[in-house]
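Trainee: I would like to take a close look at a single part of this model and then see how its surroundings fit together. Could you take me through it slowly?

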Amino acid sequence: MPKVPGLLKGLGVTAGILGKTLKNGADTVQYPHEKEAPPVRARGVIALHEDNCTACMLCSRSCPDWCIYIEGHKQLAPPRRAGGKPRQVNHIDRFDIDYALCMYCGICVEVCPFDALFWSPEYEYSEPKIADLLHDKQKLGEWMETVPEAPELEVGAGK
Amino acid sequence: MLAQLAAEFPDWYPEWNIPYWLMSILRVVGGLVAVLLPAGGIVYIFLFKMMSFMQSRLGPMEAGPYGSMQLLAEVGKWMQKEDLAPDNADVRIYKMAPLIVLLSTFLLVVVVPFGPQAYFTNFETGIFYALAVASVSVLGILIAGWSSANKYSLLGGLRAGGQLIAYELPMVLATLGVVIQAGSMNLNRIIEVQNTGEIFGIGWIGNPFVITQFIGFLIFMIAVQAELTQSPFDMPIAESELVSGYMTEYSGFRFLIFFIAEFATAGVFGFIASVLFLGGWGVPFTWFGWEGISDVAWWMNFVGPLIMFTKMFALVGVIMWVRFSYPRFREDQLQTFAWKVLIPLALANTAATAILKVVF
Amino acid sequence: MTLTDRQQLSYIASQAADARLNVELETEGMTLNIGPQHPATHGTLRIIARLDGEQVVWAEPVAGYMHRGYEKLTEVRTFPQVTSLVNRIDWLGSFANEVPFILAAEKLMEVEAPPRAQVIRTILFELSRIANVSLFLGDLGVQMGAITPVFLAFRDREYILNLIEGATGGRFHPNFDRIGGLKDDLPKGWIQETKGAVKKLEEFCDTIDDLLFGNEIFQSRMRGIGVIPADIAKDYGLSGANARASGIDWDLRRDQDLPLSYDLADWKVWTHPDGDSWARCWIRLQETRESCKIVGQLLDQIPAGPVMTKVPRIIKVPEGEAWVATENPLGEMGYYVVSKGDLGPFRVKIRSASFNNISIVPWALKGVYVPDIITILASLYFILGDIDR
């Protein structure tokens with residue numbers, strides 16, 4: 001077979017894709033109308049499970065660009081058993097993450113010893129003003145609902 | 001059968017007495033339609049849709065049904081933008097340049113016939129005029145490149161000057177074959193010859209010159225591609241290199257004018273190519289039993305433009321297809337291609353046509 | 001004949017005007033600033049080119065418009081934090097940036113990742129190479145005016161990015177590598193998905209081959225342009241595909257012994273004798289195919305086991321110095337890590353490939369035409385983050 005000139009081959013490629021798009025539709029997604037589901041592990045936004053947080057500041061200290069702001073105070077909680085002593089617990093007054101600074105590295109989620117921080121694949125939280133990207137603990141708590149179950153692992157994963 | 005059908009039509013040429021002022025208005029409106037409609041159609045069909053589909057995406061979808069109003073939205077956006085001129089620019093001619101480029105498009109469309117009587121003007125040396133006027137745009141581009149006071153624009157303008165002049169020659173020489181074969185420079189006469197002619201006794205498709213002048217047609221289309229500065233001949237614009245060349249500094253509605261001129265000129269060249277090589281507005285006259293252009297039914301004045309638009313879109317479609325598939329030449333390769341390949345080929349084609357014309 | 005004063009004055013004036021004109025007609029070179037804001041420099045590289053007509057007489061790259069000071073920043077970060085910084089160096093193949101740093105830290109701590117982690121690391125490394133180079137292949141077209149390839153590249157790179165995101169959680173900045181292994185194991189079904197995506201990328205390579213590399217115009221733009229002989233390439237410290245295109249058979253994946261599992265796969269190091277722009281682009285196309293092959297083979301050979309060895313929760317790297325370089329998508333990338341036994345490194349020297357690769361620009365651009373500047377820069381393939389760090 002004689003060699004097809006590259007110029008014609010190139011025209012063939014574009015015409016082929018044209019035909020494929022006409023037949024099967026485009027590979028793109030019309031964003032606001034239809035959405036692609038991000039993977040389960042996608043690092044979209046950090047959600048806070050407030051009850052688990054003890055204001056230990058580990059996440060705040062391990063953050064590479066120091067975008068987590070925590071304030072807390074100690075308070076007495078009712079005893080676990082009847083007749084016991086009241087427990088001393090840390091209560092957070094403020095837990096803010098500045099998403100304008102956050103680099104989505106995930107170190108805070110990883111270091112949290114009490115399972116208070118989670119990744120959620122939620123991604124539609126852009127703001128017109130950069131200052132509005134500082135989200136407080138209430139907003140972070142609302143994102144807890146979007147946190148998926150951790151995925152099953154691939155075969156051969158050992159502990 | 002078609003001939004019968006045509007004969008049954010009431011044989012009256014409407015003897016309209018159109019007053020002069022109405023005629024003038026009709027001509028202005030017709031001119032605007034003949035320039036802007038192809039431009040809009042080409043941008044929407046090819047630039048927005050065909051290109052997107054070739055890249056496996058949908059293109060604009062939000063403005064209007066299937067994004068058909070996108071161009072209007074873009075025009076609205078451009079009109080709102082500030083009309084900027086660089087500090088060192090030669091402001092008066094800087095502002096004039098896009099208008100000159102657009103003017104050449106309007107001048108070109110003047111001679112294009114859209115039907116037996118549907119033309120703006122019909123003079124004997126129509127094709128000569130068209131080729132002469134086509135080079136007015138070079139002037140506008142050179143002016144734009146020089147007066148922008150920008151090095152990229154200057155390079156782009158000079159490249160455009162060199163390129164457009166180099167490719168004018170093969171274009172003229174390719175047309176020469178058609179003119180020899182038709183024996184006339186009048187565009188309507190060229191159409192008549194194509195639609196009444198026959199090839200080796202087979203007359204039912206007429207004699208579109210694309211068959212007998214195939215080499216001329218190829219050369220003409222390549223030259224048109226270069227005249228329109230479409231890829232692979234888009235050295236003067238070269239947005240990844242000269243940052244749009246001579247258009248770099250333009251913004252707002254002056255950029256819009258350049259943009260319209262680019263695609264309107266594509267449309268007009270499509271018209272001219274379809275006149276020269278594909279039989280223009282006509283269908284083979286034998287289908288309806290017409291002897292010559294004076295027999296053509298009056299309704300061809302309305303059907304003719306549609307036929308012209310179809311042929312033009314087909315030709316421009318090929319131009320755009322090539323544009324979306326190929327990378328661009330380098331400036332020196334482009335000149336070499338014009339002077340060492342196209343021009344000798346076109347000369348040989350002309351000579352061969354002349355000899356065959358005498359022999360047969 | 002006597003001249004009136006007026007005539008004499010006008011004569012003098014015309015002479016002066018002529019003299020002025022002659023001075024103005026004396027042609028001189030034009031200095032063209034390509035960048036820092038220019039579509040061909042994919043970022044903020046500035047190239048000062050002195051032109052004679054369209055020919056370059058002298059050219060010099062000016063880097064540093066996007067300097068982010070990563071070497072200095074690492075000194076005030078802990079070791080786990082550094083990976084989140086360094087994967088922003090070459091942002092298209094970011095996982096590959098983490099690996100040499102982690103390997104250097106592991107070398108100092110004298111730990112080694114378990115075999116499963118090593119294989120997964122290698123797979124992700126090669127996937128980031130594919131993601132990086134496939135964008136190069138598309139971008140190559142757009143630099144030369146062909147607009148379609150870049151959209152195809154973006155479309156097909158998406159499959160790879162989805163995989164990287166599926167495994168690591170980050171599309172661009174995975175931050176998945178840890179000292180002593182990986183952050184997490186692969187999610188279920190990932191291996192199967194990867195096999196499909198690799199096939200798609202192989203098809204993409206064939207499409208680009210037809211659409212771009214087979215195109216005669218493309219070939220005439222690339223062949224014989226920007227020839228870099230092997231000895232010049234060595235002098236300027238070129239690495240990666242740029243060096244291999246000059247005929248230097250040198251690939252750090254094959255030529256050094258690192259805890260990565262390249263020897264499990266059967267693959268080939270491509271070289272090209274020509275050293276021109278065409279060779280550089282062609283080598284990258286072939287390497288993308290090879291990477292697809294490596295990933296395809298390694299996917300079947302992932303051993304069972306943990307992905308993390310035992311390392312202390314708070315990582316303190318013992319005192320010492322280590323240099324580890326790997327074959328990144330752009331070329332040799334290495335980290336020289338000095339530790340004083342603290343939580344963070346004392347000093348990190350980053351050797352990024354692009355910085356050395358563009359150092360040849362003044363040599364390579366001498367005497368070429370303006371359009372060739374673009375093709376040569378495109379074929380040298382740099383990423384601004386990799387130059388400026």
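Trainee: In β8(C), which residue is the bridge partner of C:Val337?

Mentor: The bridge partner of C:Val337 in β8(C) is C:Val348, and since this is a predicted model, everything I say next describes computed coordinates. The pairing belongs to a set of five bridges that join β7(C) to strand β8, residues 347-351 of chain C, with the two strands running antiparallel. Strand β7 covers residues 331-339 of chain C, and β7(C) is also joined to strand β6, residues 320-328 of chain C, by nine bridges, again in an antiparallel arrangement. Within that pairing C:Val324 stands opposite C:Tyr335 of β7(C), and the connection from β6(C) to β7(C) is a hairpin through two residues. A residue is called buried here if 20 or more other C-beta atoms lie within 10 Å of its own, and because seven of the nine residues of β7(C) are buried, the strand is largely enclosed by the rest of the structure. As background, in a regular strand the side chains alternate between the two faces of the sheet.

From the strands we can turn to a loop of chain C, the one between α3 (79-86) and α4 (94-109), where C:Gly93 has its place. C:Gly93 counts as buried because it has 26 C-beta neighbours inside 10 Å. Apart from neighbours within four places in sequence, C:Gly93 is in contact with C:Ser128, C:Arg129, C:Ala131, C:Asn132, C:Asn328 and C:Pro329. C:Asn328 lies in β6(C), whose residues are 320-328, while C:Arg129 lies in helix α5, which spans residues 115-143 of chain C. The C-alpha atom of C:Gly93 is also separated by 9.9 Å from that of C:Pro174, although these residues are 81 apart along the chain.

Helix α5(C) leads on to another packing arrangement, in which it meets helix α12, residues 277-299 of chain C, at an angle of about 150°, with the two axes 9 Å apart. Angles over 145 degrees count as roughly antiparallel, and therefore α5(C) and α12(C) are described in that way. The crossing of α5(C) past α12(C) is left-handed. Among the residues that make the contact are C:Val119, C:Ile123, C:Arg129 and C:Leu137 of α5(C), together with C:Cys281, C:Glu287, C:Ile294 and C:Leu299 of α12(C). The residues of this contact divide into 15 nonpolar, four polar and four charged.

Another part of chain C to examine is helix α15, residues 370-380, where eleven of the eleven residues are buried, so this helix is largely enclosed by the rest of the structure. The buried residues include C:Pro371, C:Asp372, C:Ile374 and C:Leu380, and α15(C) is followed by C:Tyr381, whose phi is positive, near 55°. C:Pro371 and C:Asp372 appear again in the contacts of B:Arg330, which, leaving aside neighbours within four places in sequence, also touches C:Arg221 and C:Tyr369. B:Arg330 sits in the loop between α12 and α13 of chain B, and it counts as buried because it has 21 C-beta neighbours inside 10 Å.

Finally, looking at the two chains together, 24 residues of chain B are in contact with 27 residues of chain C. On the chain B side, α7 (151-182), α12 (300-325) and α13 (331-359) each supply at least two residues, and the largest share, three residues, comes from α13(B). The residues of that side divide into nine nonpolar, six polar and nine charged.

Methods. Residues are numbered from 1 along each chain as its sequence is written. Chains are lettered from A and ligands numbered from 1 in the order in which they are written. This is a predicted model: local features need pLDDT of at least 70, side-chain atom pairs count only at pLDDT 80 or more; totals for chains, interfaces and linings use all residues. Helices (H or I, at least four residues) and strands (E, at least two) are DSSP runs, numbered from the N terminus. A residue is buried if 20 or more other C-beta atoms lie within 10 Å of its own, exposed if 12 or fewer, and partly exposed in between; C-beta atoms are placed from the backbone. Two residues are in contact if their C-beta atoms, placed from the backbone, lie within 7 Å. Axes are lines fitted to C-alpha atoms, for helices over the stretch in contact, and angles run from 0 to 180 degrees between N-to-C directions. Angles under 35 degrees count as roughly parallel, over 145 as roughly antiparallel, 65 to 115 as roughly perpendicular and the rest as oblique. A crossing is left-handed if the near helix is turned anticlockwise from the far one by less than a right angle, and right-handed if clockwise. Ala, Val, Leu, Ile, Met, Phe, Trp, Tyr, Cys and Pro count as nonpolar, Asp, Glu, Lys and Arg as charged, and the others, Gly among them, as polar. Two strands pair if DSSP finds at least two bridges between them.
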